[in-house]
Structure formats: structure tokens, C-alpha cells
Amino acid sequence: MQTIVEDRRLPVDIDAQPVVQAAAALKPTVRHYQDEIEREQRLSPELVEQMHAAGFYRLLLPRSLGGLQADPLTYIRVVELLAEGAGSVGWNVANNGVGSLVTLGLPDDGVQEIYPKGHRTVIAGTAVQGGGQAVPVEGGYRVSGRWTFGSGCHEAAWMLGSFQILDDGQPRRRDDGGMFWRGLFPRAEVEVIPGSWEVSGLRGTGSFDWTVSDFFLPKRRTMVHAGVPLDNQWGALAGHHLRPAGTGLSRAAPSAR
């Protein structure tokens with residue numbers, strides 16, 4: 001299931017797309033796990049395996065990175081169907097999609113590290129500004145911080161977090177006026193804070209706070225935190241523009257590094 005849409009056109013029948021049909025077929029299973037998901041505050045490992053097999057965690061990645069390169073309508077329909085089974089499942093798949101797009105703004109060697117051949121990468125973390133502070137060191141930064149809403153942290157391989165860079169104790173400001181950068185942290189090397197996600201709904205998203213302390217973050221895993229949360233580098237990946245039929249609009253325009 002590596003190709004689900006033509007390169008230049010949105011599908012006429014969204015529900016006929018194989019990945020959408022896979023989501024519809026899995027919905028009863030998702031519903032079966034709903035009580036367990038909410039009780040355990042994480043997605044069932046057995047369910048996660050089925051989601052990997054269906055390609056839900058690779059929806060928005062370009063085919064060159066092992067993704068399905070889904071168009072926006074197909075992506076939204078998959079999320080919708082999964083959310084009908086359990087809201088937390090739809091939320092985490094949607095959140096992973098946002099994180100996937102954001103990570104495409106990393107330098108090329110960073111992208112290849114996050115998405116090696118045969119990867120099963122899941123992105124969690126916090127896409128909004130704030131949470132961390134960093135000091136520059138040779139080859140990267142030393143980062144400390146605490147971030148909220150780490151949706152999907154139990155399934156993730158990488159955590160996305162935003163931080164400021166301090167020069168002599170003062171926040172660095174970029175030429176465009178921005179003051180935040182983003183970084184990718186290995187999930188195995190961050191601390192998830194138990195008890196920091198107690199809510200009446202969507203407990204199963206596992207949206208716990210998470211933290212790092214004096215963590216070395218190499219530059220290849222950092223990028224500017226641009227003004228638009230979904231800024232990404234599709235335009236830098238040859239052959240990966242999708243546009244709606246009959247329009248001159250690209251699926252995604254390249255953003256500045």
C-alpha cells in the first residue's frame with residue numbers, strides 16, 4: 001500500500017481509497033479497545049501493531065520516506081473513521097500526522113535519521129511554542145525543559161518540542177523576528193511525568209507532560225519554529241507535489257530552512 005493517489009489529483013471517491021477502507025474495517029476493533037485505552041491512558045500495543053500495518057502512522061510522509069503520501073482529504077477521512085471508534089485513536093493519528101509534516105523541515109541528515117529505511121517512526125510531543133531553553137555548544141545545543149500535551153508518547157519513537165536559545169542568558173532572536181526553534185528528542189531519553197494527564201475525556205491519548213535536562217541536541221535534529229505549524233519541506237523532496245484537479249495550487253509549498 002505505497003501509492004494511494006495520483007501525483008497530481010485528489011481522489012474522486014475518498015471512501016474508495018485503500019487506506020480509508022482499512023480504517024473503516026478497523027473501526028470495530030478500535031471500538032473494542034476503547035475502554036482499555038481510556039483506563040490505561042495509552043493505546044493498546046496490539047492495536048498499535050495493526051495501525052502500523054495499515055499505514056496510518058505513515059499517512060502524510062512522502063513515498064521517498066516510505067510513506068503513503070496521502071492527500072489532505074484522505075488523511076482527514078482516516079482520522080475521522082478512527083475517531084468514531086475511539087476519540088483518542090483518531091487524535092493520536094492526527095497528531096502524528098502533524099508531527100510528520102513538521103519533521104520534514106529538518107536538515108536532510110536529520111530527516112534520514114528520523115525516517116531510516118524500513119522505519120516504524122511515530123512522532124509525539126508538542127507542536128506549539130515554548131517549553132524549553134537551550135544554550136549553544138559545539139555541534140548543537142544543551143536543552144532543558146518541560147513540555148505539555150505529549151499525545152502518543154507511549155507509542156512514539158521521537159518527541160517534538162520547542163525551545164528558545166539563550167546567548168549570555170538572553171533569548172536569541174532570528175532575522176525574521178522569531179524566537180523559537182524546534183527539536184526532536186529520542187523518546188527513550190525523555191522523562192514522561194506520571195499523573196500529569198488527568199482529564200474526563202481523551203485519557204487514552206496519553207498526553208502527559210515530558211521533560212529533558214541538559215540534553216545534547218545535535219543541529220541536524222533542530223529547525224526554526226516557523227509561524228505556520230505545518231510548515232514543511234515537501235517542496236524539497238523531488239516529485240512530491242500534489243494539487244487538486246483543475247487548480248494551480250500545490251499540495252504544499254516549500255518553506256525556508
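R174 and D176 pair up in a salt bridge, with their closest N and O atoms 3.1 Å apart. The two partners sit in different surroundings: R174 counts as buried at 13% relative accessibility, while D176 is exposed at 58%. Elsewhere, D15, R77 and E80 are joined into one network by salt bridges that share partners. Keep in mind that this is a predicted model.

In total, the structure holds twelve salt bridges. Here are some of them, with the closest N-to-O distance for each.

| Salt bridge | N to O distance |
|---|---|
| R174 with D176 | 3.1 Å |
| R146 with D209 | 3.0 Å |
| R172 with D167 | 2.8 Å |

Take R146 and D209 next. This pair ties together distant parts of the chain, 63 residues apart: R146 belongs to strand β3, and D209 lies in the loop between β7 (191-192) and β8. R146 is partly exposed, at 44% relative accessibility, but D209 is buried, with a relative accessible area of 12%. In the bridge between R172 and D167, R172 is partly exposed at 27%, and D167 is partly exposed too, at 29%.

Now for the inside of the protein. As a rule, nonpolar side chains in soluble globular proteins tend to be buried together. The largest nonpolar core here has 50 residues, and the ones touching the most other members are M51, F56, L59, V89, V143 and F185. Elements giving two or more residues to this core include the helices α1 (18-32), α3 (45-54), α4 (72-85) and α5 (87-103), along with the strands β3 (140-147), β4 (158-167), β6 (181-186) and β8. Zoom in on L59: setting aside neighbours within four places in sequence, L59 is in contact with V19, L68, Q69, A70, Y75, V78 and V93. Apart from the largest core lies another one, of 13 residues, with V102, I114, I123 and L160 among them.

Some nonpolar side chains show up on the outside as well. V135, V137 and F216 make a nonpolar surface patch of about 200 Å². F216 is part of strand β8 (residues 210-218), and its relative accessible area of 33% makes F216 partly exposed.

How far can you trust the model? The chain's mean pLDDT is 87, and 85% of its residues reach 70 or more. Residues 229-233 fall below 50, and this stretch has 18 contacts in the model beyond near neighbours in sequence. Over residues 238-257 the pLDDT also stays under 50, and there the model has 56 contacts beyond four places in sequence.

Technical notes: Residues are numbered from 1 along each chain as its sequence is written. This is a predicted model: local features need pLDDT of at least 70, side-chain atom pairs count only at pLDDT 80 or more; totals for chains, interfaces and linings use all residues. Side-chain values use heavy atoms; hydrogens and water are left out. pLDDT is the predictor's confidence in each residue, from 0 to 100. Contact means heavy atoms within 4.5 Å. Patches are made of residues with over 30% relative accessible area and no salt bridge: like charges are joined within 9 Å, nonpolar side chains (Val, Leu, Ile, Met, Phe, Trp, Tyr) within 5 Å. Accessible areas come from the Shrake-Rupley method with a 1.4 Å probe; for residues, only the protein chains shown count as cover. A salt bridge is a side-chain nitrogen of Lys or Arg within 4 Å of a carboxyl oxygen of Asp or Glu. Helices (H or I, at least four residues) and strands (E, at least two) are DSSP runs, numbered from the N terminus. Buried means under 20% relative accessible area, exposed over 50%, partly exposed in between (1.4 Å probe, protein chains only). A nonpolar core is a set of buried Ala, Val, Leu, Ile, Met, Phe, Trp, Tyr and Cys residues joined through side-chain atoms within 4.5 Å.
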